[in-house]
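The exercises below are meant to be worked through with the sequence and the coordinates side by side. Try each task before reading the solution that follows it.

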Amino acid sequence: MSRGSRDYVLWSIGIVLVLIFALVPILWLISISLKPPSQITDQRFIPASVSFDNYKSLFEGGIDNSPFLKPLINSIVIALITTVVAITLASFTAYAIARLEFPGKRLILAGALAIAMFPPISTVGPLFDMWRALGIYDTYLGLIIPYLTFSLPLAIYVLVAFFREIPWDLEQAAQVDGATPFQAFRKVILPLAAPGVFTAAILVFIFAWNDFVFAISLTSSDASRTVPAALAFFTGESTFTAPTGSIAAAAVVVTIPIIVFVLIFQRRIVAGLTAGAVKG
Amino acid sequence: MGHGSREVNKRTATKALACLAFAALATVGLAACGGSGSGPPQLTFFVAIQPGGTIEETAARCTKEANGRYTIKPELLPNDASQAREQLVRRLGAKDPSIDVIGLDVILTGEFANAGWIEPWQGKRKQEATEEVFPSVIETASFEHKLYAAPFNTNTQLLWYRKDLVPKPPATWNQMIEKAEGLKEAGTIQVQAERYEGFMVWANALIDSAGTEILSGPESVDLEQKPTEEALAVMGKLANSSAAAPNLSTSNEDSARLAFEAGESAFMTNYTFAYASASAEAPDIAKNMGAAPFPRVNSNPSKPPLGGFNLAVSSYSDHKDMAFEAAACLAGEKSQLTAVELDGLPPSRSDLYEGKVVKKAYPGFAGLVKESIEAAGPRPTTPAYQDVSSALQRTLHPPEKIDPEDTEGIYDELKSNLEAAVKREGLL
Amino acid sequence: MEASTARTHTSSRTRSERKLAWMLCAPAVIAMLAVTAYPIGYAIVLSLQKLDLRFPEQTEFVGLSNYGTVLSSELWWTDVFNTLFIMVISVAIELVLGMVIALVMHRAIFGRAVVRTSVLIPYGIITVVAAFAWQFAFASDSGFVNNLIGSEMDWFGGRFSSFAVIIMAEVWKTTPFMALLLLAGLVTIDGGLYEAAKVDGASAWQRFTRITLPLMKPAILVALLFRTLDAFRVFDSIFIMTRGALDTESVSILGFNQLINRLNLGLGSAVSVLIFISVFLIAFVFVKGFGARVEEGRPGG
């Protein structure tokens with residue numbers, strides 16, 4: 001039993017250290033966002049006095065005039081659509097690559113990697129021209145498409161790596177046991193595929209959520225501007241004053257959907273084990 | 001592998017493809033919400049938003065004065081100058097017709113004019129736009145002797161100092177450094193020396209104050225040796241003395257004013273906003289805040305930095321005549337008064353400095369601001385401005401590397417780097 | 001007769017399998033190509049020209065001379081060194097740290113959801129804001145770090161101290177990426193294997209090196225591959241913290257400066273293509289050298 005409690009202590013210390021590592025800079029951001037402007041540079045980690053002005057300024061003016069509200073909505077919608085579509089497309093492709101024999105398999109993987117490797121900054125200029133010609137500049141679609149393009153490679157690779165590890169024979173075994181093909185797929189394969197799929201989903205979402213390069217170049221108004229780009233337009237009290245407090249507040253608020261998204265999905269990543277189909 | 005599973009997958013695949021198509025249509029639908037209006041043409045005014053509301057107010061007033069012939073819609077540019085430039089350059093490079101009037105940073109005039117992106121102002125328009133405007137400001141809006149933008153607001157730097165610690169402000173940089181070194185508290189000087197345009201502003205002011213210029217023409221480097229070396233020596237001396245702020249090589253306008261307001265420095269060179277900021281954020285410091293002219297480098301009169309915005313008309317606009325009219329209103333006398341009242345931005349018309357509005361915005365130092373603008377040394381006008389600025393920053397930053405006793409080496413390096421930059425050669 | 005029927009049957013089965021495969025892959029391939037074919041092709045064409053956007057009338061075809069300018073420039077090689085320096089150190093730290101964190105996330109005895117979610121927050125924070133938070137924390141007179149350690153050091157006044165902060169920010173931001181992929185790999189390992197090993201008397205370290213690591217190899221390799229490719233293109237952290245001053249510039253910042261600041265599309269595109277080639281070389285080393293066999297055929301059966 002002493003070994004058990006020693007393990008417990010060790011892992012608890014581990015957890016605490018990990019939490020500190022992950023959260024200190026976030027807490028610093030929160031601290032900045034709660035400081036009144038005169039105390040921003042007082043070098044204190046914990047604010048001397050708390051003020052919610054930065055947060056209030058984000059939302060005042062309602063959806064039309066607030067510099068933050070519409071971009072927040074844009075970010076959420078664009079990231080969600082990108083994730084759903086990317087995971088769907090990547091799953092199809094990864095399934096084909098992991099399970100089927102066909103020429104061009106390596107080409108697709110190599111090509112996807114090549115696309116992921118190209119510096120986005122030089123694609124922005126031509127994309128700007130293309131999008132303006134097609135009329136999708138400053139629209140949701142105008143951002144969703146490049147996000148898809150540049151997140152598909154990672155999603156495909158992650159899913160291929162996981163799909164390869166799934167013992168597909170189990171599906172046949174289940175059918176021999178009397179399950180229909182669909183039941184076999186649903187009860188045996190899906191839970192095994194879940195960790196990979198949800199991992200890929202988190203990665204795609206965060207990519208779309210965080211992107212700055214495309215967001216600032218392919219949008220020009222609140223119609224489709226996302227939060228990272230909107231931050232470039234925040235103003236302080238004068239043109240020379242950095243809007244430190246409001247940027248920190250925006251960053252904190254914008255992390256909340258991420259927390260929600262990850263909270264939901266991280267359970268799914270380990271759901272596979274508990275389905276009970278993996279033994280044997 | 002059974003047929004069954006593949007059929008299942010085909011069914012799932014078809015379903016998923018259908019969902020995909022739906023999602024795509026939905027987003028196109030969401031995306032296609034753009035009003036196509038009839039009615040008077042809408043002129044777009046691309047400008048960085050001012051926190052006090054200047055742009056909204058001038059745009060609304062000038063729309064009214066148009067009497068229904070056109071409306072003016074401000075479009076935001078990012079606040080960071082280089083990001084704003086990036087946006088403009090991308091769109092003008094693509095001949096975007098959706099830009100009409102541009103709020104142009106003074107350093108962009110040469111680049112944009114040479115590229116054929118902005119229209120020259122001639123004849124009566126030119127006369128009206130430059131009426132009563134400071135000559136130095138007109139220079140910032142001109143290229144090759146033609147006016148390319150209507151002067152709107154300008155900006156300059158003063159020497160701010162703590163009256164309680166230093167009764168009489170120093171007249172030269174060397175005196176200021178010595179004084180700061182001798183102070184028991186707040187013995188530092190705040191400038192802007194991060195590797196960004198603000199560093200170029202400081203360097204240019206020192207070089208101009210020393211009596212020479214960076215460029216003598218759009219493609220020729222001046223930099224007379226003796227005055228340039230004196231200016232470089234000042235930079236090196238400050239950077240290596242105890243009077244340098246601890247974060248000198250990452251300092252900008254904001255960090256400078258924050259440090260001054262926190263009582264860490266007795267001296268600061270900064271723009272006119274510094275007083276309003278201190279009054280709001282640190283009234284105790286503001287009480288003891290004095291303003292003096294930008295310090296000299298040697299016996300030549302000092303040439304303070306010159307900033308600001310001019311309003312240009314895009315060459316790709318579909319409504320150029322109306323755009324000129326709108327720009328003239330947006331840059332005119334009434335708009336300049338709005339700008340100084342709401343945002344503390346110095347007007348480009350010199351006659352406004354006698355008036356109440358300016359005196360109220362700059363209590364006790366309105367005259368000093370006017371003199372500074374009159375004496376100011378603008379940054380060089382050249383299409384290769386970005387290259388020149390980058391080359392100078394790369395050569396001189398961080399300023400600690402300049403040895404005040406031996407500036408010949410760095411002078412040679414600066415001169416040759418700038419000569420290459422002006423011809424846009426090489427990698428920067 | 002039977003033999004040929006069998007052959008025909010196989011090839012038609014293979015054909016329909018191929019058709020299905022292509023149908024499944026088509027949407028993703030189209031999505032990727034449609035957007036990148038033109039821009040990447042255009043960038044390559046641009047790199048062969050002398051093209052400065054401010055002087056469009058002076059455009060001319062110059063073949064590989066832009067590449068010559070870049071490759072013979074000291075600045076390019078300094079930046080390559082900077083980039084590799086940051087890349088190697090951050091990825092190494094991230095791998096080790098990521099593994100530790102993945103293990104903690106996997107075996108958390110309490111507060112699993114909290115731990116796992118907290119760990120992913122750094123990855124989810126907007127990159128420019130995270131970089132800014134780090135810069136602000138280390139700012140010599142307004143950040144809390146100097147206050148905490150009782151120093152007045154100007155972290156951003158020196159080349160290697162700047163590197164230190166940049167690497168810290170990069171590691172903090174992307175270790176969760178590693179940890180997430182490693183966790184997903186950990187989770188698929190059958191617990192029964194550990195039980196069997198314990199029964200056989202294997203120590204914790206042996207269980208880790210003989211069971212965990214080998215079974216996680218695919219996950220580790222994908223994580224390393226993508227993280228390394230990304231790390232080579234580091235931009236935001238450096239741009240925000242030092243703007244490349246003090247010789248901390250990375251190759252991406254160099255490319256940005258040419259393309260955007262100087263509007264020299266010819267040189268800037270050449271830099272981009274060279275970055276692409278460098279990243280390609282790294283990927284090549286990975287795939288061949290470490291056997292990142294992600295693309296091999298179907299597993300047993």
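## Exercise 1: Unusual backbone geometry in chain B

B:Pro398 lies in the loop that runs between α17 (385-396) and α18 (408-422) of chain B. The model is a predicted one, and the angles discussed here are computed from it.

Task: Determine which form the peptide bond from B:His397 to B:Pro398 takes, and then examine the phi angles of B:Asn67 and B:His145.

Solution. Begin with the peptide bond that leads from B:His397 into B:Pro398, which has an omega near -5° and is cis.

Next, turn to B:Asn67, which is not a glycine and yet has a positive phi of about 55°. B:Asn67 belongs to the loop between α2 (54-65) and β2 (71-77) of chain B. Exposed residues have over 50% relative accessible area, and because B:Asn67 has 69% relative accessibility, B:Asn67 counts as exposed.

Finally, B:His145, a residue other than glycine, also has a positive phi, with a value near 65°. B:His145 is placed in the loop between β4 (142-143) and β5 (146-147) of chain B. With a relative accessibility of 80%, B:His145 therefore counts as exposed.

## Exercise 2: The two faces of a helix

Task: Find which residues of helix α7 (residues 173-182) of chain B are buried, and explain why they lie on the same side of α7(B).

Solution. The cut-off for a buried residue is under 20% relative accessible area, and in α7(B) the residues B:Trp173, B:Met176, B:Ile177 and B:Ala180 are buried. These residues lie on the same side of α7(B) because they cover an arc of only 100° around the axis.

The next step is to look at the face turned away from that buried side, where the exposed residues B:Glu178 and B:Gly182 are carried. As for their partners, the buried residues of α7(B) pack against elements of chain B that are both strands and helices, namely β6 (150-162), β7 (189-190), α8 (197-210), α9 (225-240) and β10 (267-271).

## Exercise 3: The make-up of chain A

Task: Describe the secondary structure of chain A, and state what share of its residues is buried.

Solution. Counting the elements gives twelve helices and zero strands for chain A. Taken along the principal axes, the box filled by the C-alpha atoms of chain A is roughly 70 × 70 × 30 Å.

Of the 280 residues in chain A, 60% count as buried. For contacts in chain A between residues at least 6 apart in sequence, 69% join residues that are at least 24 apart.

## Exercise 4: Where chain C meets chain A

Task: Work out how many residues of chain C and of chain A are in contact, and what the side of chain C that touches chain A is made of.

Solution. First, the count of residues: 90 residues of chain C are in contact with 95 residues of chain A. The area buried between these two chains is about 8800 Å², and carbon and sulfur atoms give 79% of this area. C:Met32, C:Ile126 and C:Phe144 supply 7% of the area that chain C buries against chain A, which is more than any other three residues.

Second, the elements: helix α1 (residues 2-47) of chain C gives the largest share of the side that touches chain A, with 20 residues. The residues on this side of chain C divide into 62 nonpolar, 16 polar and twelve charged.

Third, the pairs: the rule finds zero salt bridges across the interface of chain C and chain A, whereas nine residue pairs, both residues at pLDDT 80 or more, are in polar contact there.

Conventions
Residues numbered from 1 in each chain as written. Chains lettered and ligands numbered in written order. Predicted model: local features only at pLDDT ≥ 70, side-chain atom pairs only at ≥ 80, totals over all residues. Heavy atoms only, no water. Contact = heavy atoms within 4.5 Å. Buried area = accessible area lost by both parts, 1.4 Å probe. Salt bridge = Lys/Arg side-chain N within 4 Å of Asp/Glu carboxyl O. Polar contact = N/O pair within 3.5 Å; in protein donor to acceptor, adjacent residues only side chain to side chain. Helix = DSSP H or I, 4+ residues; strand = E, 2+ residues; numbered from the N terminus. Nonpolar A, V, L, I, M, F, W, Y, C, P; charged D, E, K, R; others polar. Buried < 20%, exposed > 50% of the residue type's maximum accessible area, 1.4 Å probe, protein only. Arc of directions from axis to C-beta.
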